[in-house]
Protein chains: 2
Amino acid sequence: MQKDLKAFFEPEAVAVIGASREPNKIGYCIFKNFVDNFKGPVYPVNPNAAVILKKVCYSDITEIPKPVDLAVICVPAKYVPKVMEDCVKKKVKAAIIISAGFSEIGDKALEEKVLKIAKKGKIRVIGPNCLGVYDTFSKVDTLFLPSTKLGRPKPGGLSFISQSGAVGSVVLDYLSSEGLGISKFISYGNAIDVNEIDLLEYLSEDDSTKVICFYLEGTKDGRRMMEVAKKVVKKKPILVLKGGRTSEGTHAVSSHTGSLAGDDAIYETAFRQCGMIRVENLMDMFTFADALVTQPIPQGDRVQIVTNGGGFGVLATDAVIKEGLSLAQMSDKTKKKIKEVVPSYAIVGNPLDLIGDADMKRYEVALEALGTDPNVDAILCILLFQTVSLQPEVVHVVRGFASKNLKPIVVCSGGGEYAQKLMRELKEGKIPVFDSPEVAAKALKSLADYSRIRKSI
Amino acid sequence: MQKDLKAFFEPEAVAVIGASREPNKIGYCIFKNFVDNFKGPVYPVNPNAAVILKKVCYSDITEIPKPVDLAVICVPAKYVPKVMEDCVKKKVKAAIIISAGFSEIGDKALEEKVLKIAKKGKIRVIGPNCLGVYDTFSKVDTLFLPSTKLGRPKPGGLSFISQSGAVGSVVLDYLSSEGLGISKFISYGNAIDVNEIDLLEYLSEDDSTKVICFYLEGTKDGRRMMEVAKKVVKKKPILVLKGGRTSEGTHAVSSHTGSLAGDDAIYETAFRQCGMIRVENLMDMFTFADALVTQPIPQGDRVQIVTNGGGFGVLATDAVIKEGLSLAQMSDKTKKKIKEVVPSYAIVGNPLDLIGDADMKRYEVALEALGTDPNVDAILCILLFQTVSLQPEVVHVVRGFASKNLKPIVVCSGGGEYAQKLMRELKEGKIPVFDSPEVAAKALKSLADYSRIRKSI
C-alpha cells in the first residue's frame, strides 16, 4: 500500500518554491497552473518577490502561517538541499523536485544529500529532473509548459507513468488533441525516492484509474515490480512500452537515464508472467488504453468482421489472424436475420460483407443479431462513409449498439473531412475508431489478452 | 509497352454514357466532374434527356458529330453490350465500364459478351464494376462520389493501382485530407481486359509518376507480373500491399474478387525477386510513398538519429535496429562541430541527444555537419516542439537542410495544436513527418530498400 503518496495527488495545500513573476520562467508557469485551477490554498515561495499573481510571497516555506502538505520545488539544483531542510521543518508530506542538475549530469552526491534530508523528515519525493504530476481531478499540475504549447487532456480513465519527461509531454499533448481523457500523469525523473513500482501500487488503489499505461526504460527491482504488477492486473490492466528493446536501444538507455535496461528477453518473460500487456509503440499504447477504458472485457477471442467494402474485409481478416485472434462463426439464427436484408449474392460469413451499397439498416440488423450471438466475442466494424448509400446516421446505429455494452466493438474507418466528422461522433460515443484494420485488430487483441490474463492470474 | 492505354488518361474527347440530370445519380456525378474540370469536349449520352448541365444530350454515342476516344459507361449492366456495340461503331479507343452486375454477382456470361465486342472493335476496357480513373493532370475523373463526400488529392508524384474500389476511395479521401498529391489513380474492378500488369507497365512510362503504389489481392499471371515489375523498378519504386496474406484472408479474397490469392509465401518470394517493396498496411504504403517521392535515394542504410528528448532517442534506436537498418557512426569532424554547441554532459553519439533544453542553433549545427558527413546516409530527426527552449523557427532550419537534397531526412514529432501547425509547415516543405519513431524508421527502411534494389536489379 502506498497511502503516503496521497499528498502528491490530493494535497490540502501547496507551496511552489521557486515561484516567479517572470512569465517565461518555469516557476511562473507552475505557480500559475495552481492559481488558475487548484481548489485549495497555494503559496508562492521566493525570497526576491513580495507578491506573485496577487498572492503574498514568502521568503521561505517555514514562514507560511498555515499547514502545507505538498511542496513543488523548482529552484536551481544547488539550493535544493536548503529548501528541503525547510520542508522538513514545515512538516510537508510530499515534495516534487522539478529541478534538473543532479545525477543526470553526473552529480550523484547532491542527489544523495537531498534524499538523506527527505528520509530524515519523512518526506516522500518525486524527482528530481522530472515533469512531476498532472491530476485532472484535483488539478495538481506541475507541468512547466503553458497550455498553449502543451495541451492538457480532460479527465478520463487512463493514468500514465513515464520514465521519460519528453515522452510524457508529447503524449499529454497528443491525448489532449485527440480528446482522450486521463486521470493521472506522473513523470518520475531520477526517482531518488518514489519509483515506478510505488506508483503502480498507488494507482491500483485509485478508483478513477481504469487502465495504467507505463513507459519504462528499466527498473532497479524487477522482483518487486513483478509482485506488485501481478496484484494490480487483477484489478486493472497495465500496458507497458519498454524503451531499450535492442542492444543498441539498451545502450541508448544507459546514456539517457542511467537505468540498466537489461536483456529484453528477461523483461519479455517478466511482463508475460505478471500479466502486463506489452505494446510496440506509443500510439498503440493509447489506442489500446482507450479500448480498455471504453469497452467491456470480451469472453474470448472470436472476432466478427462487418464491412461495406470487400477489400477492407480482406485486410481486416489478415490482421485478425496475424494478431492470433480467431474468426467468429456466427450462429444460423444470426445468419438468417442478416440474409433478410442483404442481396442474395452477399457473403454472410466472416468477414460479413454487407456489400458496397449497404445502408444503415443492414448495419442495424447485423449488429443487433451479432450482439446476442453466443458465438461472437467482439466486433470489428468497418464503416466506409464514402459510399453512395451509407447514411451518416449509421453513426447512431453503432453508438446505440455500443451503449448496450453487450460486447466490445471497435470501428475502422478513414478518409477526409466528411469521414473525420463522423469518426469524431463515434469517438464521442466512447467507441474506439482506428484508421487501419491492423490497429483495430491490435486493440481487440489487447482486450482479448486482458480477458485471458484476468482468468489466468 | 502500353501506348494504347493513353486514351484512358489523356483522351481528346469524352462521352459519358448514362449521364443523368438527377444529382443523386452516379451518371450525374461523373458527368459533372468532366464538365467542371476536363479541358476537352465532353458529351452526355442518355436517350431520355435533351440537355444535361447545359450540354446537348445524345440518345446514343454514334449520334455525336465529332470524334470521341474515351467512353465512360454507367448504364445498368444489361445495357452494356448494346452500348459497347455503339462504341465500336463510333471507333472509341477506350471504355471505362463503371457499371456493376457482372461476374461479381455471378453473371460471367454477360462479362464475356462485353469482352468479345471490345476485342472485335479494338476497344481497351477498364472495369466493369470499378471506380475507374482519376488523373490529377488531365482531370479525367470517373469517381462517382461528389468531392464533398470524397476528397480529390492534388497533383503529385505517386500513382495508385487498386484492385478494391473501397480501398481506393478511402485512400483518395485520406490523401486529399493529408495534403498528399497523386498523379493517377486506377480502380480496375473485374479486369476483363486491362489488368494490373498493363497498368504497371503504362505507369512506368508516365513521367509524372515517381512512385507506384499497388493494392493487390491476386494476379492471374504471376510470371508476367514479375517480368514487368523487374523492368519498372529500375525506373521507379513499386510499393505493394497484398490483401489475403493469411489462409483466412485468402478465403475472404476468393469471396470478394474471385481472385486466386494463392500461397502468401509465393507472393513474398516473387515480390522480393522482382524488387517490389512489400508494405504491411495502407498507412505505411502512403507514408513510404511520400518519403520516396520527396527524398533523395540514400547511399546506404546508416541512419543518424538526432533528438531533443532522450526517451524518443531510445525508441528511435530500437526502431532503426528492428527495421534492420544500422546506426551511423558520425565522423570525428562532425562530433567536434557538434560538441561546440551542446553542454558538456550531452552524449554526442547515436542517438545524438541535443538535450531537452536544445534550441534551433543546436539543430542547425548538427544538421549542417551531418549533411556532409560521409559516414551518414540518412537522418531521423526528432523534434519535440513542446520544450521550453526550442523555437518554432527550427522548422526553417530543417526545411533549409531538406532543400539542399544532400541526403534523406524524415522527422518524428507529435502533439496537439501547436505541434501540429509546425508539423504541417514541415510537410509543406516536402519533409515526411511521422508521429512515431517506428513509422519514421519504416519510411527510412523503404528508402534504403529501394537504394539496394536499384543496385541489385
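These are my notebook entries on a predicted model with chains A and B.

**Entry 1: the interface**

I began where the two chains meet. I asked how many residues take part, and found 60 residues of chain B in contact with 61 residues of chain A. Next I looked up the area. The size of an interface is often given as the accessible area lost when the parts come together. Here chain B and chain A bury about 4,600 Å² between them, and carbon and sulfur atoms account for 70% of that.

Then I turned to the polar side of the story. I noted 16 residue pairs in polar contact between chain B and chain A, counting pairs with both residues at pLDDT 80 or more. Which elements of chain B supply the touching side? Those giving two or more residues are α5 (165-178), β12 (238-242), α8 (247-256), α10 (282-294), α11 (310-322) and α15 (417-428) of chain B. Of these, α11(B) gives the most, with nine residues. I also sorted the residues on this side of chain B by type: 28 are nonpolar, 21 polar and eleven charged.

**Entry 2: salt bridges**

Side chains of opposite charge can pair when their charged atoms come close. How many salt bridges cross between chain B and chain A? The rule finds two. I wrote down one of them: K322(B) pairs with E280(A), at 2.8 Å from N to O. Over all chains, I have a count of 60 salt bridges.

One pair inside chain A also went into my notes. R124(A) and D198(A) form a salt bridge, with their closest N and O atoms 3.5 Å apart. I liked this one for its reach along the chain: R124(A) sits in strand β7 of chain A, D198(A) sits in helix α6 (residues 196-204) of chain A, and 74 residues separate the two.

**Entry 3: the five-stranded sheet of chain A**

I followed the strand order next and read it as β2-β1-β5-β6-β7 (chain A), an open sheet with parallel pairing. Which strands lie at the edges? They are β2 (42-45) and β7 (124-126) of chain A, each of which pairs on one side only. From one strand to the next, the twist averages 20°.

At the β7(A) edge I checked the pairing by residue. Strand β6 (residues 94-97) of chain A is joined to β7(A) by three bridges, and the two run parallel. I96(A) has I126(A) as its bridge partner in β7(A). I then looked for a helix over this sheet and found α3 (residues 80-90) of chain A, which lies across β1 (14-17), β5 (70-73), β6 and β7 of chain A. Helix α3(A) runs at about 170° to β5(A).

**Entry 4: the six-stranded sheet of chain A**

My other sheet is open too, with the order β8-β10-β9-β11-β12-β13 (chain A) and mixed pairing. Its edge strands, each paired on one side only, are β8 (132-135) and β13 (277-278) of chain A.

Again I checked one edge. Strand β12 (residues 238-242) of chain A and β13(A) run parallel, joined by two bridges. For V240(A), the bridge partner in β13(A) is R278(A). Helix α9 (residues 264-274) of chain A lies across β11 (211-216), β12 and β13 of chain A, and I noted its angle to β12(A) as about 175°.

**Entry 5: backbone details**

Last, I looked at the backbone. Where is the cis peptide bond in chain A that I wrote down? It joins G127(A) and P128(A), with omega about -5°. P128(A) is in the loop between β7 and β8 of chain A. I looked in chain B as well: the peptide bond from G127(B) to P128(B) is cis, with omega near -5°. P128(B) lies in the loop between β7 (124-126) and β8 (132-135) of chain B.

My final jotting is on L53(A), which is not a glycine but has a positive phi of about 45°. I placed L53(A) in the loop between β3 (51-52) and β4 (55-56) of chain A.

Technical notes:
Residues are numbered from 1 along each chain as its sequence is written. Chains are lettered from A and ligands numbered from 1 in the order in which they are written. Side-chain values use heavy atoms; hydrogens and water are left out. Contact means heavy atoms within 4.5 Å. Buried area is the accessible area (1.4 Å probe) that two parts lose on being put together, summed over both. A salt bridge is a side-chain nitrogen of Lys or Arg within 4 Å of a carboxyl oxygen of Asp or Glu. A polar contact is a pair of N or O atoms within 3.5 Å; within protein, one must be able to donate a hydrogen and the other to accept it, and residues adjacent in sequence count only if both atoms are side-chain atoms. Helices (H or I, at least four residues) and strands (E, at least two) are DSSP runs, numbered from the N terminus. Ala, Val, Leu, Ile, Met, Phe, Trp, Tyr, Cys and Pro count as nonpolar, Asp, Glu, Lys and Arg as charged, and the others, Gly among them, as polar. Two strands pair if DSSP finds at least two bridges between them. Axes are lines fitted to C-alpha atoms, for helices over the stretch in contact, and angles run from 0 to 180 degrees between N-to-C directions.
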